[in-house]
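Here are my notes on the model you passed along, point by point. Have it open next to you as you read.

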Amino acid sequence: MLEKNLLDRMAKVKAEIQIFQLWIDDARTNRIAKIRYGKVKDKLKELVTEHKSLMREKERMNGKRVF
């Protein structure tokens, strides 16, 4: 049950990261993409950090090291 909750949290974080990435990739020009990235850069870094901590927690639950 704990692992399912952890996987659900990881999926939500990853989905949020992908939403930002798609929004940036959807820009028509590099200039617009850079502006969009600048707007969400801090949030993306925060989400990546959160996802890494969730991965470490999952590793501890499974008893193995992935990275």
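1. Starting with the surface: this is a predicted model, and its accessible surface comes to about 5,500 Å². Carbon and sulfur atoms own 53% of that area. Buried residues make up 24% of the 67 in the protein.

2. On the fold, you get 2 helices and 0 strands. The radius of gyration is 15 Å, whereas the globule rule gives 11 Å for 67 residues, so the protein is more spread out than a compact globule. The C-alpha box tells you about the extents: roughly 45 × 20 × 15 Å along the principal axes.

3. Contacts next. If you take those with a separation of 6 or more, 57% are between residues 24 or more positions apart.

4. Charges: I'd keep the tally in mind if you plan any electrostatics, with 18 positive side chains against 10 negative ones. The centres of the two sets lie 5 Å apart. Side chains of opposite charge can pair when their charged atoms come close. A search of the whole structure turns up 3 salt bridges.

5. Take K4 and D8, whose side chains form a salt bridge at 3.3 Å, N to O. Both sit in helix 1, which covers residues 2–25, and being 4 residues apart there puts about one helical turn between them. Is D8 buried or exposed? Neither, quite: D8 has 33% relative accessibility and counts as partly exposed.

6. The bridge between K43 and E16 is the one I'd look at for how the helices are connected; the N to O distance is 3.9 Å. K43 belongs to helix 2 (residues 30–62) and E16 to helix 1, so this pair ties together parts that are 27 residues apart in sequence. With a salt-bridge cut-off of 4 Å, the 3.9 Å of this pair falls within the limit. K43 is partly exposed, with a relative accessible area of 31%, and E16 is also partly exposed, at 31% relative accessibility.

7. K43 has another partner, E46, and their side chains meet in a salt bridge at 3.7 Å, N to O. These two are 3 residues apart in helix 2, with about one helical turn separating them. E46 has a relative accessible area of 48%, which puts it in the partly exposed class.

8. Which residues are linked in a network of salt bridges? They are E16, K43 and E46. K43 takes part in both of the pairings described above, with E16 and with E46.

How values were computed: Residues numbered from 1 in each chain as written. Predicted model: local features only at pLDDT ≥ 70, side-chain atom pairs only at ≥ 80, totals over all residues. Heavy atoms only, no water. Rg over C-alpha atoms; globule rule 2.2 N^0.38 Å. Buried < 20%, exposed > 50% of the residue type's maximum accessible area, 1.4 Å probe, protein only. Contact = heavy atoms within 4.5 Å. Areas by Shrake-Rupley, 256 points an atom, 1.4 Å probe, with all protein chains shown as cover. Lys, Arg positive; Asp, Glu negative; His and termini not counted. Charge placed at Lys NZ, Arg CZ, Asp CG, Glu CD.
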